[in-house]
Amino acid sequence: MKNLTTKQLQRIEKKKKKMVALLEITKLNDKDREAKMLALKKASIEADQSNANDTDSSEVSMEDNVTRKRPCNEDLKETLLEDSTKKENVGGIEESNTLANKKPRLSGDEYLKLKQELRERKKRLKIIPRFHLKVAGESASLTINVKSENRIPIFLSDIQHLLLYSLHGHHSPYVPARWCHLEKYNRVTHTVVLVVEGLSLYHFMAYESMFPHITSKLEHRVEVVTPTAYGGSVIEDLAAVPITGMQSDKLLKQYGSLEAALQNNSDVIKLLLTVFPMHRDPSTNAEKFKTEYGLPKTDKFPRTLLLLSLCQMVEENYPVPLKGELAKKYGNYIMTKDVYVEANEKSPMFGLDCEMCKTTIGELELTRISLVDESMNVIYDSLVKPDNRIIDYLTQFSGITKEMLEGVTTTLSDVQQTLRKLLPADAILVGQSLNSDLHTLKMMHPYIIDTSVIFNITGDRYRKTKLQILAREFLGERIQESSSGHCSTQDSQASMKLVQLKLANSVDYGDAVLLGRCNMEILKMKPEKRTDNQQSLKMEIRKYATSIFKHVTKDQKTAAIVGNGEVMNEYSRYLTSSINIMDDENFDKNDQVRLVVADNNKQAILRATQIVMEHAFTLCHVRIGQEKLKSDKIEKTFRTVNKWVHKLWQHMAVNGLACVIFAGENNAANGACFLNLKREIPEDYTIRT
C-alpha cells in the first residue's frame, strides 16, 4: 500500500474527529428527546398525585424540564463556570491542546465501529414515514385556521388520492400533491379508515372536548366538502376512483378530480351546486335533453365532459365563490347570472377573449372584450375605458393603442351588465386560459371549457401550449403574428373552432396525456383511423375508472370492508368480478377483499380492531342515526365515537396511517377529516439516564 503524505494523514484525522463530534451530537439530541419524554411522564404522574398546596412548584419544575435544551443540575452549572474561568486564564497554545485532548482520536476497530453506529442510525431514520400539509391543506386546516371564514375546504377526492398513495406511492393513479406530502410511503405499515356518517364538522367544532382521542392522536385536521353537503353519496365518491377525459393521467400526474366516472357527467354539476346559485328546473334537466333531444349533429360526445370541475377551477386559479380566503379575494367580483341552470349537451357555447393594458395601480385592466357564438358571429365587441390611467398599452400583445381608446366611455361596470344580459343561464364559456379574462372582468361563471387544458401536445398536464401553436397545428390557421398585436375577436373564434374540432372527434383528440403520445400525427388522427395499439392504449387508460379496491389489492395486498348490511350493499356496487371477494368466516390468503357484515356499529368497530393488522387497507363504515343526535343522547354518542377512534388506534401498528372521516350532514354542514401516522411509544420503551 502506498504511504500517505502528511497532509493526507491530517485530512483523515480531521474526518475522524468530525465523525466523533457528529456521533456525540446525535447522542446528545437523543438524550434531549428522552429527557423531555421523561419529564412529561414525571409531570403527569406528579399532577395526579400532588395536592393544591404544591401545584405551583410542580408546574415550575415541569416547565423547566420541558423547555430546557439539556437537563442539568447545580454541580454541572458549577463545573461549567469553572471551565469558563479556566479558559480565560489559559494561553492560546494550552487552549488548543485542551480542545484537542477532548476529542478522542480513533483508529482501526474504533473508527469502523463509529462508522457502523452512524450507518445504523441513518437506516433507522430512513424507515420512518412522515406526513405534512401543503399550502392547500393548511388553508383547510382546523388548527391553523380556527375561524371558518378563513378556511378553504379540500375535497373527498383529495382524501381518496392520499389513501391510494399511502398504499402504492408513485404507482398510484393519483397523488395527493395538491394538498399534502407523505414521505416514505413504502414504510407505512397499513392504512386504516373510519367513516362516520351522520357527524359533521359542526359537531366536532362545537363539542371538541368530547373527542379527546381525536385531538390528542390525530394531529392533522381539515375541513372537507363531502357529497352529503349536496345530497350525494359518500360511498360513491370514496370507492370510485375518479376518471374523465379531462383528467385521466396515467403517467403519475395528479390534476385534481371530482368526477366518479367518464360516463357520469352530472357529477361536475353536482359539486358546482354547492358554490354557485343553481335553479334545478326539471324542464332544463340535462337528462331530459339527453333522452329527448340527443347530441347536436356535430358532436360525437357530450360537451359537458369538457367542463372544468370545481377542483380544476381552483387549481387553475379561476374565480369561484368558495368561502374563506377566496371569498375575501373575490369580494368585489360578481356572477354572470343571479341564478344558473344545469348545463347539458345542448347548452350554447360562447367564445370569450379579453385584451388588457397596464395601469397606474400596477395591474392589468380591461380595454377590449369580444364574444362570439358557435356560428362564429361576433355578438359583442367593445373597447373599454379602464378605471385608472394607462401607463403601458402593451400594444405588441393587446393590439390596443392610445388613439383607439380616445373618446371611449364604456366602463368595466357597463361590460359586466351587458354580459349578464347576453349570456343565458346555462351558457358555456370557451377560451384559452379564461381564468385571466374572468379576473380582468371581475366576474365568476360555473361552466368553462379551457382550450389550454383540453388540448395538450407536451404530454405533461402542467406544460400548456399557446393558442397560436394550437391554431396552427390543429386548425391550419396563423394567428397572433401581426406586429400590431393580438385581436380578441380572432382569438375567441380560434378557441371556439378548437372546441368544435374536439367535439367532432373524441375526448382524447389532441391530448397527449390521454393518448400517451406526443406525436402530432397521432394527436390529429381521427379516432376511427387509429391502430389497434392506439385503441388498446385508450382502453388501458379507461381501466383506471374502477373501484378503489381494485387499486388497493394490487401487489398482493388485501383489504377489509366492515359495516352493516345496508352499508355493505352500497359498497358491493364497486366490487367487480375481477376482485377475489370472500366473507369474513371463509377469508383466506388467496382472497383479496374481506367483507365483514356486522349487526350494529359496536360490532363493526370490534371486528375491525380484531382484523386491522391482517390487511394493508381496512375500511370501517358506521352510520349515526338522527335519534342518537338528540339533545339527551348527543354527548353519549360523541363519547362513544371517541372510544371507537381510541380502540382502532390502539390496535394499529406503529407507522400506520389513520384516517377518520366525519361525512357531514345532508344538505347542511361540511365534513371533516382527521389524519396522522401512529408514533406511539411502546410501554416497554426505556429511557436512558
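# Close-up views of a predicted model

**View A. Asn642 lies in helix 27 (residues 634-650)**. This model is predicted: local features need pLDDT of at least 70, side-chain atom pairs count only at pLDDT 80 or more, and totals for chains, interfaces and linings use all residues. Residues are numbered from 1 along each chain as its sequence is written, and side-chain values use heavy atoms, without hydrogens and water. Helices (DSSP H or I, at least four residues) and strands (E, at least two) are numbered from the N terminus. With a relative accessibility of 6%, Asn642 counts as buried; buried means under 20% relative accessible area, exposed over 50%, partly exposed in between, with a 1.4 Å probe and protein chains only. Asn642 touches Met210, Phe211, Pro212, His213 and Ile214, not counting residues up to four places away in sequence. Contact here means heavy atoms within 4.5 Å.

**View B. Helix 26 (residues 601-611) packs with helix 27**. Their axes are 9 Å apart, at an angle of about 15°. That makes helix 26 roughly parallel to helix 27. Axes are lines fitted to C-alpha atoms, for helices over the stretch in contact, and angles run from 0 to 180 degrees between N-to-C directions. Angles under 35 degrees count as roughly parallel, over 145 as roughly antiparallel, 65 to 115 as roughly perpendicular and the rest as oblique. The crossing of the two helices is right-handed: the near helix is turned clockwise from the far one by less than a right angle, where anticlockwise would be left-handed. Which residues meet where helix 26 and helix 27 pack? Helix 26 brings Asn601, Lys602, Ile605, Ala608 and Thr609, and helix 27 brings Trp644, Lys647 and Leu648. The residues of this contact divide into four nonpolar, two polar and two charged. Nonpolar covers Ala, Val, Leu, Ile, Met, Phe, Trp, Tyr, Cys and Pro; charged covers Asp, Glu, Lys and Arg; the others, Gly among them, are polar.

**View C. His621 sits in strand 17 (residues 617-623)**. Its relative accessibility is 1%, so His621 counts as buried. Asn601, a residue of helix 26, is 20 residues from His621 in sequence. In space, the two are 8.4 Å apart, C-alpha to C-alpha. Leaving aside neighbours within four places in sequence, His621 is in contact with Val195, Glu197, Ile235, Val562, Gly563, Val567 and Tyr571.

**View D. Aromatic rings pair up**. The whole structure holds 13 aromatic pairs. Rings of Phe, Tyr and Trp (its six-membered ring) pair if their centres lie within 6.5 Å; planes under 30 degrees apart count as stacked, over 60 as edge-to-face and the rest as tilted. Phe204 and Phe674 form a tilted pair, 4.8 Å centre to centre, with 55° between the planes. Phe204 is in helix 8 (residues 201-206) and Phe674 in strand 19 (residues 671-677), so the pair links distant parts of the chain, 470 residues apart. Phe204 is buried at 1% relative accessibility, and Phe674 is buried at 0%. Phe549 and Phe617 form an edge-to-face pair, 6.4 Å centre to centre, with 65° between the planes. Phe549 lies in helix 24 (residues 548-552) and Phe617 in strand 17, so this pair ties together parts that are 68 residues apart in sequence. Both Phe549 and Phe617 are buried. Ring pairs also link Phe204, Tyr207, Phe211, Phe638, Phe662 and Phe674 into a cluster.

**View E. Helix 17 (434-441) is mostly covered**. How many of its eight residues are buried? Seven are: Leu434, Asn435, Asp437, Leu438, His439, Thr440 and Leu441. Their cover includes strand 7 (349-359), strand 8 (364-372), helix 16 (412-422), strand 11, strand 12 and strand 13 (448-450).

**View F. Ser433 and Lys442 have positive phi values**. Most residues other than glycine have a negative phi. Ser433 has phi near 50° and is found in the loop between strand 11 (428-431) and helix 17. At 25% relative accessibility, Ser433 counts as partly exposed. Lys442 follows helix 17, in the loop that leads to strand 12 (443-444). Its phi is about 55°. Lys442 is partly exposed too, with a relative accessible area of 26%.

**View G. The whole chain gives the setting for these close-ups**. There are 27 helices and 19 strands in the protein chain. Of its 689 residues, 49% count as buried. Among contacts with a separation of 6 or more, 72% come from residues 24 or more positions apart.
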